[in-house]
Amino acid sequence: MAQSFDVVVVGAGPGGYVCAIRSAQLGLKTAIIEREYMGGVCLNVGCIPSKALISAGHFLHKMEHNAAEMGFTIPGKVKLDMAQLQKWKQSVCERMAGGVEQLLKGNAVTIIRGEASFKSAQEISVKTKAGAVESITAKNFVIATGSRPIEIPGFAFDEQLVLSSTGALAQSEKLESAVVIGGGYIGLEIGSVLSNFGTKVTVVEANKALLAGLADPECVQVVARKLKKNGVDVLLDAKAKGWKKSGKGVEVTVDIGGKEQVLKADKVLVTVGRKPNSDQANLKGIGLAIDEKGFVKVNAQRKTNLPGVYAIGDIACQPMLAHKASHEGVMVAEIIAGQKRAYEVKTVPSVIFVDPEIAAAGMTEDEARAKGYTDLKIGKFPFAANGRAVSLMETDGFVKIIADAKTHIVLGVHIVGPEASNLISEAALAIEMGARLEDLALTIHPHPTLGETMMEAAEATLGHAIHIIQKPLTGAGKGTTPRAHA
Ligand code: FAD
Ligand code: NAI
């Protein structure tokens, strides 16, 4: 007989597992179906393993480049045991994935391990690992089946020589050289890690700039300079045409502005984006509406065209980010439980974990102008003028604030620098709350912290940061708001 639930969530990534927990918290009889791993891409082959390796790379870089100046003597060269690094990385993932399973169980969510396929909008079949097929009905289904890496013609993933992000994160031997196709989020994050571990990295990017359309161009410049300094070669306006085996490695043919170049390397990593898994689980077969990019069509409540069927996370829409998936997960559970909710966020903050980190919340200058904000106030404060950054020996970068000149409402914050990932949440809160520059400038920030850069960037935007020389004001307070007036 078919098992029956109030809510069945398909996929246990950061969208699905969060949705299932919230749904159970709200008293709904909930099940979650997962075919591979608890925590999805994020905890197993995405955010967490990549950040574990990035932390290790950062640590190594500091030992190699900063330790001596601080007075440490490291006899000989620091040795990296890649197999041990993988073991540690895996332990981090397993700890996190195990935690998700415990949370699901602790909230009385029924966990079903297997591959789900929709029979109708009210029923799915699940092929369990043991080969049995179970039938499950539910009043509400939440599709949270995520995405997978895009393959480009001629570069089918074999995870031996042609790697996706999953293969690249699992390398237990040091690569001498690697070609990375795609200078976006993954290409630059993993490319930087490999470079820190001593791999000669060449990035092949089809656009005329790295991270084009993904980050503030001024922030990208800082990272591009650092990549160069660290020995990463970047080929722009370049398209990979094909590859062949050469000895134990590869030869990749690249077209750079009409000229062919052959790059030799141990392996090639293809990171040209991800596509939603909407061609699976018989989603099309039950008549689910899917857009031309493969995303399940959803409204602001993440309802699909089929009653009682919701879609969240990477399968639903951009941005493909874990925190956006989780936000939607909580929201959909609350909607199913009868609460009035809709996806009405002003910003989904983003972080690119490169060196230094890039983080953003809200609009870029171009986006603000396109939205009709013609009169903008833009200010920057450099990490080089912040005591904590100097003591960390991480002074590259700045905090940039974009505000409406008339109201001083903060429209966008773009950070490139140390701990940008942690600093950006304050900016996201400011934007969600409609804060003005004065709110940031007049909030006391503890000293000495990187967070002071946010306060000083707000002051700089108002024209009177303390720790940088700004253009002398002509006339008392011209172009600024008096400090004591909030
Ligand atoms: P997923 O995490 O993809 O989970 C979907 C789950 O559904 C999977 O576990 C899958 O096995 C399961 N599933 C699919 N089909 C079925 C089926 N038919 N039956 C049963 N189960 C099924 N985002 C960030 O915000 N920050 C980062 O730092 C970051 N780093 C990343 C690094 C890398 C290398 C990659 C690849 C991605 C990274 N991302 C990051 C993106 C992030 O991982 C995704 O946005 C996020 O995982 C999406 O969550 P989701 O719940 O939609 O889907
Ligand atoms: P991406 O969209 O970030 O970048 C892909 C890059 O590849 C682009 O710069 C594009 O111009 C380039 N490209 C496309 N086709 C090409 C070709 N044929 N030759 C050369 N270059 C080509 O995609 P990526 O890096 O695969 O990441 C996928 C998604 O995963 C991200 O967009 C993001 O949503 C998520 N992610 C988030 C992270 C984070 O939050 N820190 C980290 C990693 C991934």
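A disulfide is counted here as a pair of cysteine sulfur atoms within 2.5 Å. Under this criterion, the predicted model contains zero disulfides. The bond in question is covalent and joins the sulfur atoms of two cysteines. Two cysteines illustrate contrasting environments: Cys47 is partly exposed, its relative accessible area being 27%, whereas Cys219 is buried, with a relative accessibility of 1%.

The packing of helix 1 was examined against two partners. Helix 1 spans residues 16–25 and helix 9 spans residues 322–336; their axes lie 7 Å apart and form an angle of about 30°. Because angles under 35 degrees count as roughly parallel, helix 1 is classed as roughly parallel to helix 9. The crossing of these two helices is right-handed. On the side of helix 1, the contact is formed by Val18, Cys19, Arg22 and Ser23, and helix 9 contributes Ser326, Gly329, Val330, Val332, Ala333 and Glu334. Sorted by class, the contact between helix 1 and helix 9 comprises five nonpolar, three polar and two charged residues.

The second partner is helix 5, which covers residues 82–106; its axis comes within 9 Å of that of helix 1, and the two cross at roughly 25°. By the angular criterion already applied, helix 1 is therefore also roughly parallel to helix 5. The crossing of helix 1 and helix 5 is left-handed, while that of helix 1 and helix 9 is right-handed. Tyr17, Ala20 and Ile21 of helix 1 meet Val100, Leu103 and Leu104 of helix 5. This contact has six nonpolar residues, with no polar and no charged residues. In general, an α-helix has 3.6 residues a turn, so residues three or four places apart point the same way.

Helix 14, formed by residues 452–462, is mostly covered, with 11 of its 11 residues buried. The buried set includes the glutamates Glu452, Glu456 and Glu459, and also Met454, Met455 and Leu462. Thr453, Ala457, Ala458, Ala460 and Thr461 are likewise buried. The elements against which the buried residues of helix 14 pack are strand 19 (376–382), strand 20 (398–404), strand 21 (410–417), helix 12 (420–432) and helix 13 (437–441). Immediately after helix 14, Gly463 adopts a positive phi of about 100°.

Two strand residues were considered individually. Ser350 belongs to strand 17, which runs over residues 350–352. The relative accessible area of Ser350 is 13%, and the residue is therefore buried. Excluding residues up to four places away in sequence, Ser350 touches Tyr185, Leu321, Ile358, Ala359 and Ala360.

Arg113 lies in strand 3, which extends over residues 110–120. With a relative accessible area of 35%, Arg113 is classed as partly exposed. When neighbours within four places in sequence are set aside, the contacts of Arg113 are Glu34, Glu36, Met38, Glu101, Thr128 and Lys129. The separation of Arg113 from Val193 amounts to 80 residues in sequence and 33 Å in space, taken from C-alpha to C-alpha.

Key
Residues are numbered from 1 along each chain as its sequence is written. Chains are lettered from A and ligands numbered from 1 in the order in which they are written. This is a predicted model: local features need pLDDT of at least 70, side-chain atom pairs count only at pLDDT 80 or more; totals for chains, interfaces and linings use all residues. Side-chain values use heavy atoms; hydrogens and water are left out. Buried means under 20% relative accessible area, exposed over 50%, partly exposed in between (1.4 Å probe, protein chains only). Axes are lines fitted to C-alpha atoms, for helices over the stretch in contact, and angles run from 0 to 180 degrees between N-to-C directions. Helices (H or I, at least four residues) and strands (E, at least two) are DSSP runs, numbered from the N terminus. Angles under 35 degrees count as roughly parallel, over 145 as roughly antiparallel, 65 to 115 as roughly perpendicular and the rest as oblique. A crossing is left-handed if the near helix is turned anticlockwise from the far one by less than a right angle, and right-handed if clockwise. Contact means heavy atoms within 4.5 Å. Ala, Val, Leu, Ile, Met, Phe, Trp, Tyr, Cys and Pro count as nonpolar, Asp, Glu, Lys and Arg as charged, and the others, Gly among them, as polar.
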